[in-house]
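Visitor: I would like a quick walk through this chain. Please keep the answers short.

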Amino acid sequence: MRQQRDELAVLNEELQETNRGVLALYGQLSEELEATNRGVVALYAELDEKSAQLRAASESKSRFLANVSHELRAPVTAIIGLGRLLADSASDPLTGEQSQQVELIRSSATDLLTLVNELLDLAKAESGRIELNVAEVDLRPVFGQLRGTLRAVATRPEVKLVVEEPPAATLRTDEVLLGQVLRNLLHNGLKFTERGEVRLRALRRDDHWALTVTDTGPGIAPELHERIFEEFYQAPGTTRVGGTGLGLPYARRLVTLLGGTLELTSEPGRGSTFTVTLPVGGA
């Protein structure tokens with residue numbers, strides 16, 4: 001009996017020692033967990049602060065773009081008007097060199113006005129100040145209008161503009177904004193395609209519409225597919241044309257407002273396909 005009591009005493013001592021070790025380990029782990037939690041809370045607070053700073057910076061940028069665009073639009077428009085007056089046949093005749101200089105002024109001012117308008121459009125989209133006018137839209141007249149208005153842009157005989165007749169069905173969306181997006185994509189295709197065609201088609205896929213603009217241009221490398229949607233970025237290539245690098249970012253923002261997506265499929269030397277996917281019932 002005494003031996004058993006001694007063994008029990010030893011076991012009890014060992015158990016107490018084990019319990020003390022467990023309690024010590026538990027305390028250590030609790031402290032480490034608490035420290036980790038404090039670190040996570042501090043990290044979340046820092047992320048919230050950085051997020052707020054980014055939002056403030058984005059809002060400041062949008063206000064800056066809008067203010068600058070408004071301030072530049074009036075004088076640039078005045079320059080274009082004065083250039084038109086100088087070149088008017090009713091005004092005093094100009095020499096050949098003067099006519100060239102006036103035309104250069106008008107052309108440069110027109111390019112600057114285009115940039116100003118694109119900056120203003122982008123600022124509106126970023127600030128959420130674009131109001132949607134959603135209605136049932138028949139794609140047939142929309143495509144017909146695009147076919148007519150872009151015919152003047154497709155002036156090179158080596159490039160054919162093809163606007164396929166869409167199915168006889170409606171899409172609930174903002175007709176004006178959708179027209180701006182498709183016009184932008186078609187105009188881009190015509191600018192960068194030296195030979196072949198630029199084609200617009202519409203396909204119904206279950207509860208979505210897929211509007212595709214396909215060209216036979218130089219194509220874009222896969223690693224640049226997202227970069228071309230960044231503001232002021234233009235993909236490098238042999239074809240150099242005018243542009244601000246704002247058209248595609250603005251088009252994607254408009255498509256997002258419409259509740260859809262704008263994606264690119266392209267490979268160098270095999271052309272590009274921009275696909276606007278929109279829900280049939282609207283955003």
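What follows is a set of questions and answers on the predicted model.

Visitor: What is the mean pLDDT of the chain?
Guide: The model is predicted, so confidence comes first; pLDDT is the predictor's confidence in each residue, from 0 to 100. In this chain, 88% of the residues reach 70 or more. The mean pLDDT is 82.

Visitor: Which element has the lowest mean pLDDT?
Guide: Strand β7, residues 272-279, sits at the top with a mean of 95. Where pLDDT is low, the predicted coordinates should not be read in detail. The lowest mean, 76, belongs to helix α1.

Visitor: In what order do the helices and strands run?
Guide: The chain has 5 helices and 7 strands. Read from the N terminus on, the order is α-α-β-α-β-β-α-β-β-α-β-β.

Visitor: What share of the residues in the chain is buried?
Guide: Buried means under 20% relative accessible area. The chain has 283 residues. The buried share is 30%.

Visitor: Which residues make the nonpolar surface patch of about 400 Å²?
Guide: One member, Leu47, is in helix α1. Leu47 has 48% relative accessibility, so it counts as partly exposed. The patch is made by Val40, Leu43, Tyr44 and Leu47.

Visitor: What span is expected for helix α4, at 1.5 Å a residue?
Guide: Helix α4 covers residues 175-192, which is 18 residues. From first C-alpha to last, α4 reaches 26 Å. That is close to the expected span, 26 Å.

Visitor: Which backbone nitrogen does Asp174 reach at the start of α4?
Guide: The contact is made by a side-chain oxygen of Asp174. It comes to within 3.0 Å of its partner. The nitrogen belongs to Val176.

Visitor: Which residues of α4 are buried?
Guide: An α-helix has 3.6 residues a turn, so residues three or four places apart point the same way. The buried list of α4 includes Leu178, Leu182, Leu185 and Leu186. The others named are Leu177, Gly179, Val181, Asn184, Asn188, Gly189 and Leu190.

Visitor: What phi does Gly259 take, just after α5?
Guide: Helix α5 spans residues 247-257, and its buried residues include Leu248, Pro249, Tyr250, Leu254 and Val255. Gly259 follows just after α5. Its phi is positive, about 85°.

Visitor: Where is the non-glycine residue Asp206, with its positive phi?
Guide: Phi of Asp206 is near 55°. Asp206 has a relative accessible area of 70%, so it is exposed. Its place is the loop between β4 and β5.

Visitor: How many salt bridges does a search of the whole structure find?
Guide: The criterion is a side-chain nitrogen of Lys or Arg within 4 Å of a carboxyl oxygen of Asp or Glu. The search finds 11.

Visitor: Which residue forms a salt bridge with Glu136?
Guide: The closest N and O atoms of the pair are 3.9 Å apart. The bridge links distant parts of the chain, Glu136 in strand β1 and its partner in strand β3, 36 residues apart. Glu136 is partly exposed at 48%. The partner, partly exposed at 35%, is Arg172.

Visitor: How far apart are the closest N and O atoms of Glu226 and Arg252?
Guide: These two residues form a salt bridge. Glu226 lies in the loop between β5 and α5, and Arg252 in helix α5, 26 residues apart. Glu226 is partly exposed at 48% relative accessibility. The closest N and O atoms are 2.9 Å apart.

Visitor: Which residues are joined into one network by salt bridges that share partners?
Guide: Take a single bridge beforehand: Glu230 and Arg227 meet at 3.6 Å, N to O. Shared partners join Glu164, Glu197, Arg199 and Arg201.

Visitor: How far apart in space are Glu118 and Gly247?
Guide: Glu118 is in helix α2, and Gly247 is one of the buried residues in helix α5. In sequence they are 129 residues apart. C-alpha to C-alpha, the separation is 7.4 Å.

Visitor: Is Gly281 buried or exposed?
Guide: Gly281 lies in the segment after β7. Its C-alpha is 9.8 Å from that of Ala135, 146 residues apart along the chain. Exposed means over 50% relative accessible area. Gly281 has 54%, so it is exposed.

Terms used: Residues numbered from 1 in each chain as written. Predicted model: local features only at pLDDT ≥ 70, side-chain atom pairs only at ≥ 80, totals over all residues. Heavy atoms only, no water. Helix = DSSP H or I, 4+ residues; strand = E, 2+ residues; numbered from the N terminus. Buried < 20%, exposed > 50% of the residue type's maximum accessible area, 1.4 Å probe, protein only. Patch = residues over 30% accessible without salt bridge, like charges linked within 9 Å, V, L, I, M, F, W, Y side chains within 5 Å. Areas by Shrake-Rupley, 256 points an atom, 1.4 Å probe, with all protein chains shown as cover. Expected span 1.5 Å × (residues − 1). Polar contact = N/O pair within 3.5 Å; in protein donor to acceptor, adjacent residues only side chain to side chain.
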